[in-house]
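Trainee: I should like to go through the terms used for this model and see what justifies each of them.

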Amino acid sequence: MAKSLYHIRLINKGREKDYFDFWRRQLHANAAGETLTADLVGFEVTQSGNSLEDALAAVRRKHAGLQIDTQSTRVEEAEVD
């Protein structure tokens, strides 16, 4: 069965404001002067699925309690066994 690969960004707990400041506002330091980096504010996982909803559900199960940035999800058409 052909599935797609979804690249899904998760936000590290307690870094929600920093995440959106870094990725949306393109700030490189927070109000406390801490340097923001992609790894500090979140991380990306690759998940296969029949649909975006299927992939998101799997990621939510694996990373319960973390917020997902659904607007930055990328899809890669691929066949996964």
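The discussion below takes up a sheet, the helices across it and one arginine.

Mentor: Please bear in mind throughout that this is a predicted model.

Trainee: What makes β1 and β2 a pair of strands?

Mentor: Pairing requires at least two bridges between the strands. β1 and β2 are joined by 8 bridges, so they satisfy that criterion. The two strands run antiparallel, and within this pairing histidine 7 stands opposite threonine 46 of β2.

Trainee: In what order do the strands of the sheet lie?

Mentor: The order is β2-β1-β3, in an open sheet of 3 strands with antiparallel pairing. The edges are formed by β2 (42-49) and β3 (67-77). From one strand to the next, the twist averages 25°.

Trainee: Why are β2 and β3 called edge strands?

Mentor: Each of them pairs on one side only.

Trainee: Which helices lie across the sheet strands β1, β2 and β3?

Mentor: α1 lies across these strands, at about 120° to β1. Helix α3, residues 52-62, also lies across β1, β2 and β3, and its angle to β2 is about 125°.

Trainee: How do you know that the buried residues of α3 are on the same side of the helix?

Mentor: The buried residues are Ala55, Leu56, Ala58 and Val59. They cover an arc of only 160° around the axis, and therefore lie on the same side of α3. Their cover includes β1, β2 and β3. On the other side of α3, Glu53 and Arg61 are exposed.

Trainee: What covers the buried residues of α1?

Mentor: Those residues are Asp18, Tyr19, Asp21 and Phe22. Among the elements covering them are β1, α2 (38-41), β2 and β3.

Trainee: Why is arginine 15 called buried?

Mentor: The term applies under 20% relative accessible area. Arginine 15 has a relative accessible area of 17%, so it is classed as buried. This residue is in the loop between β1 (4-11) and α1 (16-23). Leaving aside residues up to four places away in sequence, arginine 15 touches Asn30, Glu34, Leu36, Leu40 and Val41.

Trainee: What makes the approach of arginine 15 to glutamate 34 a polar contact?

Mentor: The limit for such a pair of N or O atoms is 3.5 Å. The contact between the side chains of arginine 15 and glutamate 34 is 2.9 Å, so it falls within that limit.

Key. Residues numbered from 1 in each chain as written. Predicted model: local features only at pLDDT ≥ 70, side-chain atom pairs only at ≥ 80, totals over all residues. Heavy atoms only, no water. Helix = DSSP H or I, 4+ residues; strand = E, 2+ residues; numbered from the N terminus. Buried < 20%, exposed > 50% of the residue type's maximum accessible area, 1.4 Å probe, protein only. Polar contact = N/O pair within 3.5 Å; in protein donor to acceptor, adjacent residues only side chain to side chain. Contact = heavy atoms within 4.5 Å. Axes fitted to C-alpha atoms, helices over the stretch in contact; angles between N-to-C directions. Arc of directions from axis to C-beta.
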